[in-house]
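Visitor: I'd like a guided tour of this fold, with the cut-offs spelled out. Could you walk me through it?

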Amino acid sequence: MSYKSSFTGTSDSSTHNQPRYQKSEKVIILGQHGYLGNENQFIGCFNKIEEISRGTSKNYYHYSQELKVENLESQINISKFEQDYKYFMVRTVFSSNIGRVADQVKELHKIIDALRTITGITHFYLIGHSKGGLVNMKYSITYPGEVEKLISIGTPYNPNFWGFLQARIDDIFAVPAVIEALHLDGVLAAVHGAIYGLLNDFLCDEDLGSIVFYEQLKKGWKNLSKSSKPIVYAIGASQIGLNKNPNSGGDMIVAITSQLANGYPYINKRKPIISDNYEYITLDSFWDYLKLKCDVVEQCKDIYQALKNINDGVAVLLGFVLAFMIPNNKDNEVYDLIHTRECTNNDVVQAVIEACDFVPTTQAELNSSYNAKY
């Protein structure tokens, strides 16, 4: 798809001396949010990078307008990209923040195509938080050779707790305490169907719950020709679990080994930043959070008491899903986990800067193997 720019504004580039960066040297860095993310996901990160780079040889500019597919051309101000910076950081926003990976890849392609055509800049780096990193890797497989670097923050490159929840949902609803709390079989069936439908629609097949999806992603990445593979810099930022033991892999929501793309070949750099920054969730802590955010939680006391009789980890998983279904939310905030706010962590910000300038030099960086250290 090609676009013609409607902008004819004057350039913001410096008029004294020669510009430091020719158009052929400029890079657009696109930031993709994760599951339930929004346009604010990378604001803090990009603002910090821009501030850090001021007065240095590393020049970053945060393009303040987030880009969406709808009315896309009108969102791209060409004069901003004519400024004398090397890196232009741009936030993308998908039509659905719980959408399919394949659909988000198509939207990202339209955005990249428009930016390339309107600005004339041909170098692109993709940075993704959580699920956004999966979208970026899938993009590089679907459109080989179009991007030069992938940077991921806290991305679950391997199967995770959503698939576990889907596999256990029938067992959960067979628990007598849950049946008793919901009182009527008809109500139980309706809730069961709604939750299972939610998982089926948004958290499997091509998102976070399907083993098949991860197998296909890994196979596609392996089969991509080496000349078409972008540089990959995987940042492991935090671990979230469902109990106090950070070594109990079966309860991990986002494990550090998964964030560092364990099992994937040709990952040029794996960088654990705050891998010891571990937090766990209990049903009580999650319920306290819901009471602050929702108007109707008190109506669910019976369900809460029933969940207390189930394995705490499974109960929290179910609690996450129930939270999506409770009406009259006071705001659109998600549970305030380390994972949801790690992009603004100062160490993560520094790692992103390092990743943007990173060039593989050692043999290990050039030929990363399946048997990753992490």
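Guide: Gladly! This is a predicted model, in which local features need pLDDT of at least 70 and side-chain atom pairs count only at pLDDT 80 or more, while totals for chains, interfaces and linings use all residues. Residues are numbered from 1 along each chain as its sequence is written, and side-chain values use heavy atoms, with hydrogens and water left out.

Visitor: How many bridges join strand 6 to strand 9?

Guide: Strands are DSSP runs (E, at least two residues) and helices are H or I runs of at least four, numbered from the N terminus. Two strands pair if DSSP finds at least two bridges between them. Strand 6 and strand 9 run parallel, and Ile235 has Lys271 in strand 9 as its bridge partner. The number of bridges joining strand 6 to strand 9 is 4.

Visitor: Which are the edge strands of the sheet?

Guide: The open sheet holds 7 strands with parallel pairing, in the order 2-3-1-4-5-6-9. An edge strand here pairs on one side only. That description fits strand 2 and strand 9.

Visitor: What is the bridge partner of Ile28 in strand 3?

Guide: Strand 3 pairs with strand 1 in the parallel sense over 5 bridges. On strand 2, Tyr60 stands opposite Tyr87 of strand 3. For Ile28, the partner in strand 3 is Phe88.

Visitor: Which residues of strand 3 are buried on each face?

Guide: Buried means under 20% relative accessible area, exposed over 50%, and partly exposed in between (1.4 Å probe, protein chains only). In a regular strand the side chains alternate between the two faces of the sheet. On one side of strand 3 the buried residues are Tyr87, Met89 and Arg91, and on the other they are Phe88 and Val90.

Visitor: Which helix gives the most to the largest nonpolar core?

Guide: A nonpolar core is a set of buried Ala, Val, Leu, Ile, Met, Phe, Trp, Tyr and Cys residues joined through side-chain atoms within 4.5 Å. The largest one has 41 residues, and Ile28, Phe81 and Leu115 are among those touching the most other members. With 8 residues, the helix that gives the most is helix 3.

Visitor: Which residue caps the N-terminal end of helix 14?

Guide: Helix 14 covers residues 346–357, and its buried residues include Val348 and Val352. At its N-terminal end, a side-chain oxygen lies 2.8 Å from the backbone nitrogen of Asp347. The capping residue that supplies this oxygen is Asn345.

Terms used. The expected span of a helix is 1.5 Å times one less than its number of residues. A polar contact is a pair of N or O atoms within 3.5 Å; within protein, one must be able to donate a hydrogen and the other to accept it, and residues adjacent in sequence count only if both atoms are side-chain atoms.
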